[in-house]
Amino acid sequence: MTDLRSNLYDELKKYSKTDAYPFHMPGHKRNTELLGVSLPFDIDITEIDGFDDLHASCGILKNSSDKARKVFHSEHSYMLINGSTCGILSAIRTVTNYGDNIIIARNCHKSVYNGCLLNNLEINFIFPPQDESSGVCGSVSPESVLEAIKGSPDSKAVVITSPTYEGVISDIRSISRITHSYGIPLIVDNAHGAHQRFFGLMDGEPVECGADIVISSLHKTLPSLTQTAVAHINGDIIDHRRFEKELAIFETSSPSYILMASIDKCLDFLKNDCDLFEKYKLRLQKFSESINKLKYLKVLCHGSDSISNHNFYSFDPGKIVICTSGTSISGVELSDILRKKYNMELEMAYPFYAVAMTSVCDTDDGFQRLSNALIDIDKSLSHSEINIPVLPFPKPKKSGLGIIEANDKTLPLGSEKISRDYIFAYPPGIPIVIPGEFLDDETVSYIETLKASGIKVIE
Ligand SMILES: Cc1ncc(COP(=O)(O)O)c(C=O)c1O
């Protein structure tokens with residue numbers, strides 16, 4: 001019998017106070033006398049009697065996934081403690097067999113590409129348009145999905161990211177209608193959108209809008225520890241038992257109770273503290289008003305900018321994307337100034353923008369510090385002469401080699417410049433080129449420009 005009032009953390013705490021002696025993993029044996037209490041050794045247990053088994057849950061951990069199902073309004077929900085990454089790998093393996101075709105948005109995270117690599121999938125891309133003024137990737141349009149499916153009707157799935165790292169949301173309802181009319185499942189990488197429902201961003205909220213598999217990182221936008229995430233399955237297309245089998249492959253067989261307790265606590269927070277999201281919205285509104293007068297820096301869909309200036313379906317105002325194009329500093333330089341002079345660390349920086357991530361846990365003071373710093377920096381930009389422009393994304397051509405074939409370092413590739421590996425900037429972890437694509441001049445120059453601006457490029 002499911003008890004949604006149960007709380008994993010409280011049960012672990014209660015258990016830690018008992019006299020039960022741990023002749024089991026983990027090796028620290030909850031010995032806080034020896035190890036101290038600065039790390040939570042006292043509640044770090046393994047799957048002992050009474051504490052269920054994540055991969056075959058029927059007790060306290062099932063309560064937590066049932067809680068997730070209720071809170072997120074899904075049909076099946078799963079706690080993930082290897083991040084969204086393990087949910088994305090499992091999702092792709094659930095819907096494809098080795099060598100199948102798949103349609104993915106080009107701006108997908110590397111975990112999607114790694115899922116494709118595992119099953120040697122033939123990838124057909126949707127290229128979301130690049131927003132002219134900011135340079136960020138725009139929404140994936142339903143028309144582009146339809147076109148991609150018509151070009152590759154035997155594709156086994158469509159995978160898109162919504163919201164993106166920069167907060168751009170796609171029209172999931174229309175997209176899922178299209179994929180379903182062809183019997184194709186829609187997987188939404190919602191790693192940056194776990195808060196969507198609670199923030200009231202229901203237009204494009206993927207569980208609500210018909211996506212078949214949705215994967216959301218709790219740790220990115222909600223109060224939960226790093227590596228925690230959830231996956232949801234809805235509708236009749238997906239065999240949820242196959243998904244569970246894949247999860248058992250990609251997720252550790254020793255799931256951390258600390259991480260699971262964090263997920264459970266986060267679910268309780270979402271169940272009980274929804275009014276905090278109203279306060280968060282007000283803080284963002286106030287922030288937006290306070291930066292109205294920026295002259296050189298622009299903050300995407302905030303301040304004097306609005307969504308009507310962009311071709312986005314919707315936008316998550318929780319993402320503060322500070323655009324530097326048209327000024328004399330790059331996003332990387334802006335991020336350096338904020339770090340060194342104002343003691344603020346941003347989430348990521350690119351040549352022409354930088355991203356500050358916010359959440360329901362940010363404070364009035366935090367927002368005030370950011371707006372004061374931006375206003376201050378903006379004043380110092382008033383005599384800019386050099387203009388750092390938006391960089392167009394390269395679109396490297398396919399060589400005809402499959403990703404596994406190109407990735408096989410023992411095979412000769414001939415004299416042509418074909419990439420053997422993924423090359424990506426981290427963050428955001430979106431590949432610039434994938435194995436088997438030509439390293440043309442445009443792509444090489446894009447990579448060089450990123451490196452010259454101080455961006456970490458992983459090759
Ligand atoms: C769009 C996107 N998808 C998936 C992931 C992977 O999420 P996780 O770090 O929770 O494994 C990330 C991580 O940054 C991401 O940005």
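These questions and answers walk through a predicted model of one protein chain with its ligand.

Reader: Which domains does the domain assignment give for the chain?
Author: The model is predicted, and its domain bounds come from a domain assignment. Domain 1 and domain 3 are in contact, with 15 residues taken from each. Their C-alpha centres lie 28 Å apart. The assignment gives domain 1 (8–272), domain 2 (275–380) and domain 3 (403–458).

Reader: How many salt bridges does the count come to?
Author: A pair counts when a side-chain nitrogen of Lys or Arg is within 4 Å of a carboxyl oxygen of Asp or Glu. Some of these residues form a network: Lys 67, Asp 264, Asp 268 and Lys 271 are linked by salt bridges. By this rule the count comes to 19 salt bridges.

Reader: Glu 246 forms a salt bridge with Arg 93, so how far apart in sequence are the parts that the pair ties together?
Author: The closest N and O atoms of Glu 246 and Arg 93 are 3.2 Å apart. Glu 246 lies in helix 10, and Arg 93 lies in helix 4. The pair therefore ties together parts of the chain separated in sequence by 153 residues.

Reader: Is Glu 246 buried or exposed?
Author: The cut-off for buried is under 20% relative accessible area. Glu 246 has 8% relative accessibility. So Glu 246 counts as buried.

Reader: Which residue meets Lys 398 in a salt bridge?
Author: The N to O distance in this bridge is 3.4 Å. Lys 398 lies in the loop between helix 14 and helix 15, and its partner is in strand 3, so the pair ties together parts that are 276 residues apart in sequence. Lys 398 is partly exposed at 43%, and the partner is partly exposed at 36%. That partner is Glu 122.

Reader: What is the N to O distance between Asp 364 and Arg 283?
Author: Asp 364 lies in helix 14 and Arg 283 in helix 12, so their pair ties together parts that are 81 residues apart in sequence. Asp 364 is partly exposed, with a relative accessible area of 48%. The side chains meet in a salt bridge with an N to O distance of 2.8 Å.

Reader: What is the relative accessibility of Leu 12?
Author: Leu 12 sits in helix 1. Beyond four places in sequence, Leu 12 touches Ile 43, Ile 45, Phe 51, Tyr 257 and Ala 261. The C-alpha atoms of Leu 12 and Ile 45 are separated by 8.2 Å, although the two are 33 residues apart along the chain. Leu 12 counts as buried because its relative accessibility is 1%.

Reader: How much of the area that the ligand exposes when taken alone does the protein bury?
Author: 13 residues surround the ligand, and Thr 85, Asp 189, Ser 217, His 219 and Lys 220 are the closest. A polar side-chain atom of Asp 189 lies 2.5 Å from a ligand nitrogen. Ligand oxygen atoms lie 2.9 Å from a polar side-chain atom of His 192 and 2.8 Å from an N or O atom in the side chain of Ser 217. Taken alone the ligand exposes 390 Å², and the share the protein buries is 88%.

Reader: In which strand is Thr 161 found?
Author: Thr 161 is buried, with a relative accessible area of 9%. Leaving aside neighbours within four places in sequence, Thr 161 is in contact with Asn 107, Cys 108, His 109 and Asp 189. Thr 161 is found in strand 4.

Reader: Which residue does a cis peptide bond join to Pro 163?
Author: Most peptide bonds are trans. Pro 163 lies in the loop between strand 4 and strand 5. Another cis bond joins Tyr 426 and Pro 427, with omega about -15 degrees. For Pro 163, omega is about -10 degrees and the residue joined to it is Ser 162.

Reader: What is the value of phi near in Asp 52?
Author: Most residues other than glycine have a negative phi. Lys 29 has a positive value, near 55 degrees. Asp 52 lies in the loop between helix 2 and helix 3, and is buried at 13%. Phi of Asp 52 is also positive, near 70 degrees.

Conventions: Residues are numbered from 1 along each chain as its sequence is written. This is a predicted model: local features need pLDDT of at least 70, side-chain atom pairs count only at pLDDT 80 or more; totals for chains, interfaces and linings use all residues. Side-chain values use heavy atoms; hydrogens and water are left out. Helices (H or I, at least four residues) and strands (E, at least two) are DSSP runs, numbered from the N terminus. Buried means under 20% relative accessible area, exposed over 50%, partly exposed in between (1.4 Å probe, protein chains only). Contact means heavy atoms within 4.5 Å. A residue is near a molecule or strand if one of its heavy atoms lies within 4 Å of it. A polar contact is a pair of N or O atoms within 3.5 Å; within protein, one must be able to donate a hydrogen and the other to accept it, and residues adjacent in sequence count only if both atoms are side-chain atoms. Accessible areas come from the Shrake-Rupley method with a 1.4 Å probe; for residues, only the protein chains shown count as cover. Domain bounds come from an automatic or database domain assignment.
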